[in-house]
Amino acid sequence: MTILCVRFQLPPMHEAALPGLLGLLEEFTPVVQAMPPDGALADLRGAERYFGRTALELASVIRVRALALHGVDCVIGAGPGPMLARMALADARPGLTRAVAEDEVREFLADRPVVALPGVGTRTARTLCEFGLDTLGRVAAAPLSTLQRLVGARAGRELHEKANGIDRGRVVPNEVSRSLATERPFTRDELDPGRHRRALLSAAGELGARLRALDKVCRSLTLTVRYADRSTTTRARTLAEPTAHSAALTEAAYGLYEALGLQRARVRAIALRAEGLDPAEQASHQLTFDPVDEKLRRLEEVADRARAKFGPRAVMPGSLAA
């Protein structure tokens, strides 16, 4: 168990604190990979030898220091590789590190649904389930040739290895990506898809307004859904073109949400993150000659001028696209 996957319990809109928390991890190992908005992977192979402590013991020290120095609790998953550490994180709770030892990997994976495996999306999971391969244990026992016929040669080989606990991933040190985020918490656990979509509309409108105020465009959008049991689902999509157009961001957000296929999910909060920010002057826009789209863009310009003159509440984000 040499890899830690750490998710810091940051309050909404406090992602600016992440670099400082990454610095805390870097006191133990230089091999730290940021996973915005609130997480990181850390390879402790060298740290275990240097400090003479196990990864679990170091995880306890990290948790205490995060609380003492930053006032932030965290949940931690530990495993032999990045994939297993990320999957262990789903079972972790504040104050308790969920660890998966090398001799426990097959048992840990066996009964989990195929969608729990990083990199397996809704479409792949549906294909596998149609042939009775609904758990990772059944996928691991299936012949490699069968998996390759179902999902393709390369994807089938990767799926077969991962389901058998072969984790070839590694922690790649990086910088915190340039991004903007917003979150829409619900006052109660929300089942209504209509309310979920209204939250997405509002969040996408806010991100668009903030991007335009900064003269930025984003290249990708990430959706994070937090559930009543504190678990989360995250999906990302690269946009057709870099944009700060609220209607385009809303359409992408709706697409990410629909791809989750939520069925009566009790949602506690929905967050959107615009990533890969670039100067707007460097972005190109494909003309569509769509009068509705052009009208929305002109309305956005008027709304942006109103916000600049009268404040951010002069026009509520998302109201134009409604």
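Ala 88 has its place in helix α4, and in this predicted model it is a good residue from which to begin a walk through the structure. With a relative accessibility of 0%, Ala 88 counts as buried, because buried means under 20% relative accessible area. If we set aside the neighbours within four places in sequence, the residues in contact with Ala 88 are Gly 77, Ala 78, Arg 98, Val 100 and Phe 108. One of these, Val 100, lies 12 residues from Ala 88 in sequence, and the C-alpha atoms of the two are 6.7 Å apart in space.

The surroundings of Ala 88 become clearer when the whole helix is considered. Helix α4 covers residues 82-89, and seven of its eight residues are buried, so this helix is largely enclosed by the rest of the structure. The buried residues of α4 are Pro 82, Met 83, Leu 84, Ala 85, Met 87, Ala 88 and Leu 89.

From this one helix we can step back to the protein as a whole, which contains 12 helices and 10 strands. Of its 322 residues, 43% are buried, while the area that the protein exposes comes to about 17100 Å², with carbon and sulfur atoms supplying 52% of it. If we take the contacts with a separation of 6 or more, residues 24 or more positions apart account for 65% of them.

Two pairs of helices show how such elements meet. In the first pair, helix α1 (residues 18-26) and helix α3 (residues 55-70) have axes that come within 11 Å and cross at roughly 140°. That angle makes α1 oblique to α3, because an angle has to be over 145 degrees to count as roughly antiparallel. The crossing of these two helices, α1 and α3, is right-handed. On the side of α1, the residues that take part are Gly 20, Leu 21, Leu 24 and Leu 25, and they meet Ile 62, Arg 65, Ala 66 and His 70 in α3.

The second pair is formed by helix α6 (residues 122-130) and helix α8 (residues 144-151), whose axes come within 10 Å and cross at roughly 130°. This makes α6 oblique to α8, and the crossing of α6 and α8 is right-handed. Here Thr 124, Thr 127 and Leu 128 belong to α6, and they meet Leu 147, Leu 150 and Val 151 in α8.

The walk ends at Ser 246, which is found in helix α11, a helix that covers residues 246-260. Ser 246 has a relative accessibility of 8% and therefore counts as buried. Its side chain makes a polar contact, at 3.1 Å, with the side chain of Arg 212. Another residue to look for in the structure is Ala 209, which is 37 residues from Ser 246 along the chain, although the C-alpha atoms of Ala 209 and Ser 246 are separated by 7.4 Å.

Note on methods:
Residues numbered from 1 in each chain as written. Predicted model: local features only at pLDDT ≥ 70, side-chain atom pairs only at ≥ 80, totals over all residues. Heavy atoms only, no water. Helix = DSSP H or I, 4+ residues; strand = E, 2+ residues; numbered from the N terminus. Buried < 20%, exposed > 50% of the residue type's maximum accessible area, 1.4 Å probe, protein only. Polar contact = N/O pair within 3.5 Å; in protein donor to acceptor, adjacent residues only side chain to side chain. Contact = heavy atoms within 4.5 Å. Areas by Shrake-Rupley, 256 points an atom, 1.4 Å probe, with all protein chains shown as cover. Axes fitted to C-alpha atoms, helices over the stretch in contact; angles between N-to-C directions. Parallel < 35°, antiparallel > 145°, perpendicular 65-115°, else oblique. Left-handed = near helix turned anticlockwise from the far one by under 90°.
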